[in-house]
Amino acid sequence: MAVSTDYSSSYLSVMNQQAQNLTDSKKTGDITRQAESLGKGSSTEDLKSAMKSFESYFVEQMIKEVKKTNDALKPDDDTDGWAGQMSDMYMDSTISTLASQIVDKYGDNFTDEMVDHMKLEYGITDDDNN
């Protein structure tokens, strides 16, 4: 029975990692496409949306690293088996939501600085897009 449980746990772990890799790949692709679409004709709102997406992804990666550090410090016998694996599968969605909420509530300074920088980079003025 232990072999079956170990196999199931390993399988879930691999599936969880593959799902995470696909999710990260999709997010980075979406952010890249959004950034590539920016240019002189972009509005301030386009810039702000792109910068919020980038900032949310950045915060999400920071939270995931904190979680990894916390998990690494747990004792080896502190595992929940199958239930723990299932919990981990939903943790990424929770982290993503949390990162977006953090950026929405506290991220304006960084977002505004990035928008101002992008406006200078592309020569965008508020008068051009209103």
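**Exercise 1. Is Asp116 buried, partly exposed or exposed, and what is its relative accessibility?**

Solution. Begin with the setting: this is a predicted model, and Asp116 has its place in helix H4. The next step is to take its relative accessibility, which is 46%, and to set it beside the cut-offs, where buried means under 20% and exposed means over 50%. The value falls in between, and therefore Asp116 counts as partly exposed. As a last step, look across to Lys48, which is 68 residues away from Asp116 in sequence, while the two C-alpha atoms lie 9.4 Å apart in space.

**Exercise 2. Describe the overall make-up of the protein chain and how confident the prediction is.**

Solution. First count the elements: the protein chain holds four helices and zero strands, and reading along the sequence gives the pattern α-α-α-α. Next consider burial, where 25% of the 130 residues in the protein chain are buried. Then turn to the contacts between residues at least 6 apart in sequence, of which 85% join residues at least 24 apart. Finally, consider confidence: the average pLDDT of the protein chain is 74, and 68% of the residues reach at least 70. Over residues 1-5, however, the pLDDT is below 50, and this stretch has zero contacts in the model beyond near neighbours in sequence.

**Exercise 3. Work out how helix H2 and helix H4 are arranged, and which residues bring them together.**

Solution. Start by locating the two elements, with H2 covering residues 44-73 and H4 covering residues 108-122. Their axes come within 9 Å and cross at roughly 130°. Angles of 65 to 115 degrees would count as roughly perpendicular and those over 145 as roughly antiparallel, so this angle fits neither class, and H2 is therefore oblique to H4. The crossing in which H2 passes H4 is right-handed.

Now list the residues that meet. From H2 come Thr44, Leu47, Lys48, Met51, Lys52, Phe54 and Glu55, and from H4 come Asp108, Phe110, Thr111, Asp112, Met114, Val115, Met118 and Lys119. Sorting the residues of this contact by character gives seven nonpolar, two polar and six charged.

One of the H4 residues just listed, Met114, can be followed further. Met114 is partly exposed, with a relative accessible area of 24%, and its C-alpha atom is separated by 9.6 Å from that of Ala50, although their positions lie 64 residues apart along the chain when counted as sequence separation.

**Exercise 4. Compare Ser56 with Glu60 by burial, and then find the contacts of each residue and of Ile63.**

Solution. The first step is to place the residues, since Ser56 lies in helix H2, Glu60 lies in helix H2, and Ile63 is found in helix H2 as well. The second step is burial: Ser56 has a relative accessible area of 14% and Glu60 has one of 3%, and because buried means under 20%, Ser56 is buried and Glu60 is buried.

The third step is to list contacts, leaving aside neighbours within four places in sequence. Ser56 is in contact with Ala99, Ser100 and Val103, whereas Glu60 touches Lys27, Ile95, Ser96 and Ala99. Ile63, for its part, is in contact with Ile95, Leu98, Ala99 and Ile102. Of these partners, Leu98 is 35 residues from Ile63 in sequence, and the distance between them is 8.9 Å from C-alpha to C-alpha. Ala99 therefore appears in the list for Ser56, in that for Glu60 and in that for Ile63.

Technical notes
Residues are numbered from 1 along each chain as its sequence is written. This is a predicted model: local features need pLDDT of at least 70, side-chain atom pairs count only at pLDDT 80 or more; totals for chains, interfaces and linings use all residues. Side-chain values use heavy atoms; hydrogens and water are left out. pLDDT is the predictor's confidence in each residue, from 0 to 100. Contact means heavy atoms within 4.5 Å. Axes are lines fitted to C-alpha atoms, for helices over the stretch in contact, and angles run from 0 to 180 degrees between N-to-C directions. Angles under 35 degrees count as roughly parallel, over 145 as roughly antiparallel, 65 to 115 as roughly perpendicular and the rest as oblique. A crossing is left-handed if the near helix is turned anticlockwise from the far one by less than a right angle, and right-handed if clockwise. Ala, Val, Leu, Ile, Met, Phe, Trp, Tyr, Cys and Pro count as nonpolar, Asp, Glu, Lys and Arg as charged, and the others, Gly among them, as polar. Buried means under 20% relative accessible area, exposed over 50%, partly exposed in between (1.4 Å probe, protein chains only).
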